[in-house]
Amino acid sequence: MRKQKKKSRHSKQIHNRQYKDRLWRMIFNNKEDLLQLYNAINHTDYHNPDDLEVNTLEDVLYLSMKNDVSFLVGGTMNLYEHQSTFNPNMPLRGVFYFSRLYEGYVADNNLMIYHEKRVRLPKPKYIVFYNGTKNQPDSMELKLSDCFENTDNDAPCPECTATMLNINYGHNQELMKHCRRLEEYSIFVQCVREYIQSEPSVEDALEKAIDTCINQDVLADFLKKHRAEVTNMILTTYDKDLYEKTLKEDAREEGREEGRAEIRAELNEFKLLNKCLLKAKRYNDLERATEDIEYQKKLLKELGIE
């Protein structure tokens, strides 16, 4: 019974993340919105949605391997993934996805990979859109090579780099300025989060969030058309108690990490102080500093160690 209960909690946690992932896919499976997003990221000016050739992997065809959106345009093979939790393993997942995507590209274009003539392939570009509750920078690079155990100076044979963009409300404002649809999605998710904290039920929170966004022309056309589907999606995958518990756990974990960082910094300072005192043969100061914290701080300041 315990194992069953644990599995159920894990399932709920996954579902809490899934509503945003599914909503993001619903919005950006529209070619016009996807093209606007591509232009905003790449500073391009494509106008024809038919320039996009969508080749998103479907899990039915690829043994439960599924990506959010992938497409060809302008000589690039683009992979866009939405993540509601920070995942440093996205580059490894990207390797799996791109392998399948290029396999399909080679087959569709009848490319002869065993001949002497070099084949020409679209350049891969991997973007991860982060919308979790933990603080993350506007942009950061995740590399496959960071997963490798051998850390010598030799460059690894394969490399896969994912650019993670924080799309929480208030982040990447320049990007949002050039992609209104992404900004609207960010505002809607923030609106849902706020109303869930203030309203007595998730149902009331959703009704209020959707009405507010429609009135403010945020995803208005999408929400009017898909209101029932969006409401049902969130209601069937959302657990308010678990969400609040997750927020508290995230806050505690951030506090613990900050505490660990402070301890590491203090240890490094103390090691450097010991090294300086030993080099200067100030043995009496070294002995006193190990027992007297205030004297230790005085020596750190004297030696300019911070």
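The paragraphs below go through a predicted model, from its confidence to its cores, salt bridges and individual residues.

Because this is a predicted model, local features are reported at pLDDT of at least 70 and side-chain atom pairs at pLDDT 80 or more, whereas totals for chains, interfaces and linings use all residues. Residues are numbered from 1 along each chain as its sequence is written, and side-chain values rest on heavy atoms, with hydrogens and water left out.

The average pLDDT (the predictor's confidence in each residue, from 0 to 100) is 82, and 80% of the residues score at least 70. Two segments stay under 50: residues 1-16, for which the model has 12 contacts (heavy atoms within 4.5 Å) beyond four places in sequence, and residues 60-65, for which the model has 10 such contacts. Where pLDDT is low, the predicted coordinates should not be read in detail.

The largest nonpolar core (a set of buried Ala, Val, Leu, Ile, Met, Phe, Trp, Tyr and Cys residues joined through side-chain atoms within 4.5 Å) has 45 residues. In this usage buried means under 20% relative accessible area, exposed means over 50%, and partly exposed lies in between, with a 1.4 Å probe and protein chains only. The residues with the most contacts inside this core are W24, L37, Y80, F129, L182, F188 and L223. Among the elements that each supply at least two residues of the core are helix 1 (2-28), helix 2 (31-42), strand 4 (123-130) and helix 7 (220-237), helices (H or I, at least four residues) and strands (E, at least two) being DSSP runs numbered from the N terminus. Helix 5 gives the most to this core, with 9 residues. Beyond four places in sequence, L37 touches W24, F28, Y80, F129, C179 and L182. A second, separate core of 18 residues includes M90, Y97, Y105 and V128.

Q83, in strand 3 (residues 76-83), is buried, because its relative accessible area is 10%. Leaving aside residues up to four places away in sequence, Q83 touches D21, M90, R93, V128, F129, Y130, N131 and G132. M140, in strand 5 (residues 139-143), is 12 residues from V128 in sequence and 9.8 Å from V128 in space, C-alpha to C-alpha. With the same four-place exclusion, M140 touches F86, A162, T163 and M164, and at 24% relative accessibility M140 counts as partly exposed.

On the surface, L92, V95 and F96 make a nonpolar patch of about 230 Å². Such patches are made of residues with over 30% relative accessible area and no salt bridge, like charges being joined within 9 Å and nonpolar side chains (Val, Leu, Ile, Met, Phe, Trp, Tyr) within 5 Å; accessible areas come from the Shrake-Rupley method with a 1.4 Å probe, and for residues only the protein chains shown count as cover. F96 is found in helix 3 (residues 90-108) and is partly exposed, with a relative accessible area of 44%.

Salt bridges (a side-chain nitrogen of Lys or Arg within 4 Å of a carboxyl oxygen of Asp or Glu) come to a count of 15. In helix 5, E183 and R180 lie 3 residues apart, about one turn of the helix, and their side chains meet in a salt bridge at 2.9 Å, N to O. E183 is partly exposed at 24%, as is R180 at 34%. Both belong to a network of salt bridges that links D33, R180, R181, E183, E184 and D221. E199 and K208 are also joined by a salt bridge, at 3.2 Å from N to O; E199 counts as buried at 18% relative accessibility, whereas K208 is partly exposed at 37%. E302 pairs with R282, the closest N and O atoms being 3.0 Å apart. This pair links distant parts of the chain, 20 residues apart, with E302 in helix 10 (residues 293-302) and R282 in the loop between helix 8 (240-279) and helix 9 (283-289).

Finally, two loop residues draw attention through their backbone angles. Most residues other than glycine have a negative phi. N110, in the loop between helix 3 and strand 4, has a positive phi near 50°, and L219, in the loop between helix 6 and helix 7, has a positive phi of about 55°. N110 is exposed, with a relative accessible area of 62%, whereas L219 is buried, with a relative accessible area of 0%.
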